[in-house]
Amino acid sequence: MLELINVTRKYGDVVAVNDVSLTVAKGEFFCLLGSSGCGKTTILRMVAGFEKRTSGQIILNGRDMGDDPPYCRDVNTVFQNYALFPHMTVFENVAYGLRIRKCNTAEIGTRVMEALGQVRLSGFEERRPDQLSGGQQQRVALARALVNRPSILLLDEPLSALDKKIAEQTRLELTELQRRVGITFIYVTHNQTEALALADRVAVMHNGVIEQCGPPGEIYEHPKTRFVADFIGSMNFLDGQVTTATDRGCRLRLAERWDVEIDKASPVAPGNRVLYCLRPEQLRLSLLPARDFENSVPGVLRRKVFEGDATLYLLELANGQMVTVSQNNYIARLARDFYELNQEYLLLWSRTSGEIIRA
Amino acid sequence: MARNNDLGLGTGLWLRVATWLSVAFLFLPIPILIIFSFNASRQVTHWEGFSLKWYAVAFADRALWTGVQNSLIIAAVSTLLATVLGTAAALALSKYTFRGRVLFQNLIYIPIILPEIIFGLSLLALFILIRMPLGFTSVICAHVTFSLSFVALIVLARLHQFDRRLEEASLDLGANRLQTLRYVILPVIAPGIVSGAMFAFTLSLDDFVSTLFTAGANSTTLPLRIYSLVKYGVTPELNAISTLLILVTLAALLAGHYLQRRAVSQRLVLGLGGGTAALVAVLLIVSIALADDRHTLNVYNYAGYFPDSILADFEKETGIRINYSYFNDNEELLSRLSLGACDYDLVVPSDYMVRTMIKLKLLARINRESLANYANLDERFTRMEFDPTGEYYIPYTYGCTGLLYNRELTQPPVDSWRVLWDERYKGRILMLDDMRECFGLAFRLLGGSLTDRDPRMLQDALALLRKQKPLVLRYDSNTVDSILLSREAYLAPYWSGGGLRLTKDHPEFEFAIPREGVPMFVDTFCIPRDARHKENAERLIDFMLRPDIAARCMEELLYPMPNTQAPALLPEDIHALLQPMLTLDLKKLQLVGELGEFNKDVDRAWTELRSR
Ligand SMILES: Nc1ncnc2c1ncn2[C@@H]1O[C@H](COP(=O)(O)OP(=O)(O)OP(=O)(O)O)[C@@H](O)[C@H]1O
Ligand SMILES: [Mg+2]
């Protein structure tokens with residue numbers, strides 16, 4: 001339905017978007033995730049028609065949109081700062097697109113009321129934008145775009161100006177709304193939690209390039225690049241070299257010291273330099289030696305960070321690297337006060353855990 | 001919080017005092033002006049009781065209302081144009097990058113930074129170069145050029161605050177660029193446009209300098225009219241006009257404030273303002289199109305120097321429409337006329353200026369045969385030394401400098417300029433703040449004349465005036481009436497017009513013609529060489545020479561006219577008043593000549609006298 005083929009955008013020497021190709025299916029909730037300045041907004045603006053491509057094609061419903069101006073494109077945008085028209089009431093704001101399209105008054109009335117109902121703003125028609133809270137303004141912006149029933153709705157960090165509680169609530173409503181209206185959403189954010197919670201598929205961007213694109217679970221559990229692994233959640237990286245490899249698993253030598261076994265297939269060959277990625281919650285602290293399905297590495301406990309539901313333990317390995325372990329406080333309640341600083345413990349993890357990324 | 005030194009207290013007190021002082025400084029003149037608009041006397045600073053007569057005078061002042069009307073038309077049209085163009089310029093500057101954008105942006109500031117006089121001058125030069133006749137169009141062009149800059153800057157400031165994403169949002173919702181402009185950009189920047197328009201309107205309404213340069217025969221504005229009234233003598237009529245203006249301004253401010261507090265205001269104000277301006281523009285165009293040019297006469301004269309009622313009668317009698325515009329002195333008249341861009345049919349220069357104008361070939365010969373009333377003229381005035389052929393001028397009025405004194409405070413006889421050196425009147429003598437008058441007087445006492453241009457006599461004259469200086473209360477030309485009325489001074493040399501007017505209202509005063517002789521002037525009717533309505537001008541001249549009309553003129557102006565038939569028709573009191581002027585021995589009079597280079601020497605001596 002929406003297809004970007006080798007799209008590039010340069011500002012002078014700066015390559016804001018570098019040879020991006022992606023496909024968004026009809027009815028999908030698609031997320032563009034990346035840190036600040038990686039080119040997310042630029043992609044969105046090219047789709048909306050505010051920005052020209054340097055090269056490449058943007059195809060909507062089988063038609064290349066070329067350099068069509070924004071008002072000829074069947075997409076609508078929800079702007080980061082909402083961009084509500086300050087001189088119009090809520091009703092007039094929402095009705096704007098329909099009025100421009102010369103819909104008849106009766107139809108405008110019903111559709112605007114319906115859209116306002118969808119965002120739970122019935123009764124606010126006569127207010128002006130400056131008489132609304134941030135969350136309400138955000139919902140007006142949403143209704144103003146939705147009421148036109150575009151093929152695609154583009155949302156540029158729509159929740160970033162809201163406080164955390166409201167943002168979380170709105171996030172839930174947003175998914176529900178999207179399911180209900182069935183319009184394709186392309187949602188830009190730098191907030192990974194948001195992306196993982198909302199999206200059917202996430203594209204992680206870095207420096208104008210899409211590093212990985214897939215469903216949230218896949219992105220979280222099987223990051224394909226170091227950037228993605230690092231960006232999504234927290235991650236420990238251990239340098240290693242493949243010693244043996246079979247189709248059922250492989251052996252690694254970590255930091256040229258510790259041999260570990262991995263019990264899952266990875267596309268590596270002996271001699272490859274790799275990064276072994278372990279999430280803090282996949283690790284466990286112990287005084288007892290590893291069981292036979294586990295790997296272990298020794299380390300000295302340097303810090304404890306209490307986080308409410310979990311406690312983070314920072315251990316220093318023999319090569320000086322710091323590794324973070326997260327233990328659930330409910331499960332390991334007794335253990336919490338047991339570990340002492342500057343004592344040596346074992347780091348343990350299951351041989352099926354962790355991802356191997358080619359370095 | 002208490003402070004432990006008295007600085008805190010002092011600061012608070014001082015702050016309050018300073019605030020009130022500056023408020024007083026700013027606004028005190030206004031109540032004074034309003035109070036004196038109700039003064040029964042024609043003196044601006046001498047209270048004689050409550051009266052509304054100056055309001056009546058102001059309301060009856062036809063030229064004033066023409067000025068108001070012209071000002072409003074010009075302000076409305078130029079505001080409309082300046083607002084549209086200024087807004088367009090601001091939009092172009094903020095939205096598009098084009099070659100020369102920075103240059104354009106800086107050029108916009110020029111009319112604001114440039115001294116207005118240079119601006120006016122350059123516009124005038126341009127209009128003359130492109131042969132655009134001076135009139136409504138040229139004044140409107142001038143006003144548009146500078147108010148456009150202000151509008152553009154104000155709107156630009158507003159556009160800087162404008163969130164570009166609103167524009168994108170509109171485009172995104174399917175509106176094209178024009179619709180976006182119409183429905184989003186313009187409404188959001190409307191307050192800027194409205195204040196820009198209001199600013200342009202006031203700028204245009206009270207612009208003086210560039211209007212002075214660019215106004216033509218039929219486009220005299222209110223400020224030009226007021227200024228010419230000031231030159232003619234500050235009267236409470238001006239206070240009355242100003243009071244009315246203040247009231248109107250206050251009302252407009254209140255209305256604006258009231259409208260702004262209402263939600264619908266912007267659209268309403270825009271609509272109303274735009275509508276009115278458009279209507280006025282249409283009316284203007286229609287009236288210009290309909291005006292029958294053949295039946296007009298463009299008069300260029302001092303304000304009020306042809307009485308309104310007489311002009312009205314002339315218009316009624318002949319069906320000719322008179323456009324009356326003002327100059328303030330002969331030099332202004334000369335500069336305007338020599339530019340050649342102004343469409344004047346009848347001008348009123350003084351004697352020496354007639355000579356200059358003839359020399360410069362600026363005047364047309366007057367067809368004296370067509371003037372049925374030419375025979376009424378006193379022959380001594382028809383071929384004077386400045387035009388011995390008498391072909392280029394018809395004498396209108398004459399006057400002289402005489403001695404005005406309070407009979408109750410002086411001892412007779414007061415018939416010589418020598419009394420101005422009389423020790424008895426020490427500190428009670430007022431002298432005109434005018435070097436030619438002062439030195440002319442001294443030269444005359446020494447038995448000579450300024451026009452002899454004798455440098456040795458100049459030294460003697462200076463010595464004479466120095467001797468007089470300790471006796472002199474002040475050198476002042478503008479408030480002679482008030483100073484004499486308040487009895488601060490007892491006697492003063494004064495011009496016959498003002499002197500006779502004061503004597504008429506206050507019988508204790510007397511206007512004398514000293515026996516050593518006095519300087520005189522003759523004001524004349526002249527027709528510019530390229531006048532387009534020469535015959536109409538001649539009809540007006542002839543009309544003014546009619547004995548009954550001349551008598552009315554003399555009564556109103558208190559200037560004698562060299563008309564042999566008219567004095568007999570004057571009311572007795574006016575006749576008595578004018579008697580010394582009517583029976584003047586012309587041999588005692590001396591026309592003021594030109595001084596040429598000698599002027600500089602006199603100027604130096606004058607500076608010396610005044611500084612020590
Ligand atoms: N008009 C422009 N001129 C020059 N460079 C630009 C322009 N717009 C964007 N860029 C650059 O392009 C890159 C991508 O910008 P973009 O706005 O797409 O980032 P983003 O991913 O949306 O970031 P953020 O999360 O901060 O909004 C940035 O390095 C930015 O500096
Ligand atoms: Mg962005």
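Helices (H or I, at least four residues) and strands (E, at least two) are DSSP runs, numbered from the N terminus. The model is predicted: local features need pLDDT of at least 70, side-chain atom pairs count only at pLDDT 80 or more, and totals for chains, interfaces and linings use all residues. Residues are numbered from 1 along each chain as its sequence is written, chains are lettered from A and ligands numbered from 1 in the order in which they are written, and side-chain values use heavy atoms, with hydrogens and water left out.

**Exercise 1. Describe chain A and chain B by secondary structure, burial, contacts and exposed area.**

Step 1. Secondary structure: chain A has 8 helices and 20 strands, while chain B has 24 helices and 10 strands.

Step 2. Burial: a residue is buried under 20% relative accessible area, exposed over 50%, and partly exposed in between (1.4 Å probe, protein chains only). In chain A, 52% of the 359 residues are buried; in chain B, 50% of the 612 residues are.

Step 3. Contacts, meaning heavy atoms within 4.5 Å: of those in chain A with a separation of 6 or more, 65% link residues 24 or more positions apart. For chain B, 74% of the contacts between residues at least 6 apart in sequence join residues at least 24 apart.

Step 4. Exposed area (Shrake-Rupley method, 1.4 Å probe; for residues, only the protein chains shown count as cover): chain A exposes about 16,700 Å², with 48% supplied by carbon and sulfur atoms. Chain B exposes about 29,800 Å², and carbon and sulfur atoms supply 61% of that.

**Exercise 2. Characterise the surroundings of ligand 1.**

Step 1. List the shell, taking residues with a heavy atom within 4 Å of the ligand. The residues are Tyr11(A), Ala16(A), Ser36(A), Gly37(A), Cys38(A), Gly39(A), Lys40(A), Thr41(A), Thr42(A) and Glu157(A).

Step 2. Sort them by class: Ala, Val, Leu, Ile, Met, Phe, Trp, Tyr, Cys and Pro count as nonpolar, Asp, Glu, Lys and Arg as charged, and the others, Gly among them, as polar. The shell divides into 3 nonpolar, 5 polar and 2 charged residues.

Step 3. Find the main contributor. Helix α1 (residues 40-48) of chain A gives the most, with 3 residues.

Step 4. Check the N and O distances. An oxygen atom of ligand 1 lies 2.5 Å from an N or O atom in the side chain of Ser36(A), and a nitrogen atom of the ligand is 3.3 Å from such an atom in the side chain of Tyr11(A). A polar backbone atom of Gly39(A) is 2.9 Å from an oxygen atom of ligand 1. Taken alone the ligand exposes 630 Å², of which the protein buries 60%.

**Exercise 3. Locate the nonpolar cores.**

Step 1. Fix the criterion: a nonpolar core is a set of buried Ala, Val, Leu, Ile, Met, Phe, Trp, Tyr and Cys residues joined through side-chain atoms within 4.5 Å.

Step 2. Take the largest core, which has 137 residues; Phe306(B), Tyr396(B), Leu420(B), Phe439(B) and Leu540(B) have the most contacts inside it. Not counting residues up to four places away in sequence, Leu540(B) touches Leu297(B), Val299(B), Phe306(B), Leu311(B), Phe314(B) and Leu346(B).

Step 3. Look apart from this core: another, of 70 residues, includes Met65(A), Ala83(A), Val188(A) and Ala281(B).

**Exercise 4. Why does helix α2 (residues 90-100) of chain A count as largely enclosed?**

Step 1. Count burial. Of the 11 residues of α2(A), 9 are buried, so the helix is largely enclosed by the rest of the structure.

Step 2. Name the buried residues: Val90(A), Phe91(A), Asn93(A), Val94(A), Ala95(A), Tyr96(A), Gly97(A), Leu98(A) and Ile100(A).

Step 3. Identify their partners. In chain A they pack against α3 (105-118) and α4 (134-146), and in chain B against α8 (164-172) and α9 (177-205).

Step 4. Inspect the end. Lys102(A), just after α2(A), takes a positive phi of about 60 degrees.

**Exercise 5. Is Arg273(A) buried, exposed or partly exposed, and what does this residue contact?**

Step 1. Place Arg273(A) in strand β14 (residues 273-278) of chain A.

Step 2. Read the relative accessible area: at 44%, Arg273(A) is partly exposed.

Step 3. List the contacts, leaving aside neighbours within four places in sequence: Gly240(A), Gln241(A), Glu256(A), Arg358(A) and Ala359(A). The C-alpha atoms of Arg273(A) and Ala359(A) are separated by 5.7 Å, although the residues are 86 apart along the chain.

Terms used
Polar contact = N/O pair within 3.5 Å; in protein donor to acceptor, adjacent residues only side chain to side chain.
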